[in-house]
Amino acid sequence: MSLLSVRGLHVTYTTQAGAVPAVRGIDIELDRGQVLGLAGESGCGKSTIAGAILRLLPAGTQVSGEVMLEGDDVLGMRARRLRAIRWTEASIVFQGAMHALNPVQRIGEQIAEPIILHGQAGEREAVVRAGALLEQVGLPPRRLKDYPHELSGGQRQRAMIAMALACNPSLIIADEPTTALDVMVQAQVLRLLKELQRDLGLAMIFITHDLSVLVETCDRLAIMYAGRIIEEGPAEVVFHQPAHPYTRALAAAFPEIGDQRFRRNPSGLPGDPPYPADLPSGCTFHPRCPDVFGPCPDVDPRLYDVSPGRRAACLLVEGALAAAGVTAAAPETARSDATAEEEA
Amino acid sequence: METEPATRESAEGARPILEVRDIHVSFAGRLGLGAGLIGRKASLARAVDGVSLELQKGEILALAGESGCGKTTTARAVMGLERPQRGEILYEGEPIWKRLRAYRRKVQMVFQDPTGALNPRQTIYESVAEGLRIHRVHGDERAQVAKALASAGMRPPERFFLNYPHELSGGQRQRVVIAGALVLEPHMIVADEPVSNLDASVRGEILALLMELRQRLGLTILVVTHDLGLAWTIADRVAVMYLGRIVEIGPADEVLQRPKHPYTRALLDVVPEVGGLERPILQGEPPDPTKIPLGCRFHPRCPVVASGRAAELGIETKCRGEDLNLVEDKPGHFAACHLTPIGEQP
């Protein structure tokens, strides 16, 4: 049994302007100790998934599908049970530690609070544990007495990680944990997360727009576009031999220094990510796709097998046209890197 | 810091369009009320502590470093938005302060956050035309605005005249900001993190636009960034700043592939790549410009000092006690490191 199993997840926000479908049918399987990277641009629905897994979305949001955490149905769970599993089975490290911490409460009290609330320890013991947690994330225990404003950005993010670890969860969802940090501090926090994950055998979902960060921290990568996963597979393969034209463009936005293909040659996609309430027909990526051909504006592709453990939602994947019941032939010129790579 | 003759003149012997000579900008640090009442003095933050650099016409120079290194303050000084306490900035050989208004027409700034840079209550037309009105430029305003928008890739421009910023996407807004700069037909653009607030797939297009503007209009571009990958994609030369100084400057291919300063090396090591987390990461936070260390300002974090290699090479006392200027390693490639004069690599 996987630790986390998400099937057919749909999330639709209700706004004044009408229904906005943010997540449109997502499946995720995550085993113990495994790290999944979820990448995509703003508005693709990646943070919504984090909220849906722990039911942290605003009231009135329509959520359907199935979220099973250690065999428990999260979406159907009563409030009491839900409170019990948050922190103890799964916890979240949010982006922007500045706003996620209470500014008028000492760090130590904030870390000890979930430990006490979940009855895992008394007050005195909880403070001792909080000190040990701070040490584990590389902060001296005397920092327990500090307020959030007395810590630097990197230290605050470390404190957030300590809090997420407080009740020994088996799953941590990290939502843009390093986005607002400086490059050097970002590398420190990434290394810390990776070490903790390895040492404690944690499962992690790592959400970010920065694909290059995911390659070195994750086992598997899932790329999102317009509320769906459009490509998934082993992290390095997805990054270096993308099968979907969108993944290829996203990977090119993080050039490898020294790679002459990128030198004095910026490449990007025309247009912008679509607004979730106003999605293009067929493949939602087709208006921006460099490889668009005949059936793309009409056929909504599902994930097709590229190779074992690797899928992409593109009609250029071998066999996709037949699977989608389309008779058109794929243009010879526009073949995905992955297909070419495998043939070579 | 003296200016090296080698960088004074380009290969063609032309005078640089912009010369920054040993500028110093400091800010009074913040002080609590209590400390102020008992007469304690606020410490001085030396944000820019002796920066010299030159830009040739039509060149793209990337100014890189961590936050707090002084790169934005340097850019603001170049724009005439901060007045250096010491040093001078020459544009086409003339101090920029002499004719600041005329200078500000020729040199335009593109800010980081396109949403903050545009007035939400103004139409796109008004936003782009604002510069023309401030500088009282005569001529057909409508045609000038249309030309600037088209130049920035907003085609057909007339379609966007009556739009408001919230009706545009992030990439389009950044194009409008760039159009607002182009409308005055500047010779130089200072771009502060021009793509860091944009979605990854959109960044490349904006960078391609900057390169095209250089090609087509001969613009000189100073781009401030924390992203060395961006420098690799568009810059001719790279200057790396640390604690208010340029610690390394040279051709992008050289600096990014064969860095001479341990700090540049460290910055390159943390650019995420496969296996990158196994490499050394500098400990600690970005340093404090109110407490600049003696000797080489990087020595407290320098891996060459920490590993004992500096001691082996007999330069450790210099690292700890002797401040140094940029030293030329190869033609046009300078580093402020005690390793360079003895021919060692970081």
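# A walk through two chains

Strand E1 of chain A, residues 4–15, is joined to strand E2 of the same chain by 10 bridges, and the two strands run antiparallel. Before we go on, keep in mind that everything here comes from a predicted model. If you would like to find one of these links yourself, look for A:Thr14, whose bridge partner in E2(A) is A:Ala19.

Now widen the view a little. These two strands belong to an open sheet of 4 strands in chain A, in the order E2-E1-E4-E5, with antiparallel pairing. Where does the sheet end? Its edge strands are E2 (18–30) and E5 (72–73) of chain A, each of which pairs on one side only. As a bit of background, the strands of a sheet pair through backbone hydrogen bonds, and they can do so in a parallel or an antiparallel way.

For the parallel way, stay in chain A and move along to strand E6. E6(A) and strand E7 (residues 171–175) of chain A pair in the parallel sense over 4 bridges. One pair to look for is A:Ile92 with its bridge partner A:Ile173 in E7(A). The side chains of E6(A), residues 90–93, are worth a look too: A:Ala90 and A:Ile92 point one way, A:Ser91 and A:Val93 point the other way, and all are buried.

Helices come next. In helix H4 of chain A (residues 107–117), the buried residues are A:Ile107, A:Gly108, A:Gln110, A:Ile111, A:Ala112, A:Pro114 and A:Ile115. What covers them? Part of the cover comes from helix H5 (123–136) and helix H6 (153–165) of chain A. Follow the backbone just past H4(A) and you meet A:Gly119, which takes a positive phi of about 65 degrees.

Let us cross over to chain B. This chain holds 15 helices and 12 strands, and 49% of its 346 residues are buried. Among its contacts with a separation of 6 or more, 68% are between residues 24 or more positions apart.

A good pair of helices to study here is H6 (residues 124–134) and H7 (residues 141–151) of chain B. Their axes come within 10 Å and cross at roughly 110 degrees. Angles of 65 to 115 degrees count as roughly perpendicular, so that is how H6(B) lies to H7(B). The crossing of H6(B) and H7(B) is right-handed. H6(B) brings B:Tyr125, B:Val128, B:Ala129 and B:Leu132 to the contact, while H7(B) brings B:Glu141, B:Gln144, B:Val145, B:Ala148 and B:Leu149. Sorted by class, the contact of H6(B) with H7(B) has 7 nonpolar, 1 polar and 1 charged residues.

Further along chain B, B:Arg320 sits in helix H15 (residues 316–321). Why does B:Arg320 count as partly exposed? Because it has 16 C-beta neighbours inside 10 Å. Beyond its neighbours within four places in sequence, B:Arg320 is in contact with B:Gly295 and B:His299. B:Gly295 lies 25 residues away in sequence, but the C-alpha atoms of B:Arg320 and B:Gly295 are 4.7 Å apart in space.

Finally, see how the two chains meet. The contact takes 37 residues from chain B and 39 residues from chain A. On the side of chain B that touches chain A, the elements giving two or more residues are helices H8 (170–182), H9 (200–217), H10 (228–234), H11 (252–257) and H12 (262–269) of chain B. H9(B) gives the most, with 9 residues. By class, this side of chain B has 19 nonpolar, 12 polar and 6 charged residues.

Notes. Residues are numbered from 1 along each chain as its sequence is written. Chains are lettered from A and ligands numbered from 1 in the order in which they are written. This is a predicted model: local features need pLDDT of at least 70, side-chain atom pairs count only at pLDDT 80 or more; totals for chains, interfaces and linings use all residues. A residue is buried if 20 or more other C-beta atoms lie within 10 Å of its own, exposed if 12 or fewer, and partly exposed in between; C-beta atoms are placed from the backbone. Two residues are in contact if their C-beta atoms, placed from the backbone, lie within 7 Å. Ala, Val, Leu, Ile, Met, Phe, Trp, Tyr, Cys and Pro count as nonpolar, Asp, Glu, Lys and Arg as charged, and the others, Gly among them, as polar. Two strands pair if DSSP finds at least two bridges between them. Axes are lines fitted to C-alpha atoms, for helices over the stretch in contact, and angles run from 0 to 180 degrees between N-to-C directions. Angles under 35 degrees count as roughly parallel, over 145 as roughly antiparallel, 65 to 115 as roughly perpendicular and the rest as oblique. A crossing is left-handed if the near helix is turned anticlockwise from the far one by less than a right angle, and right-handed if clockwise.
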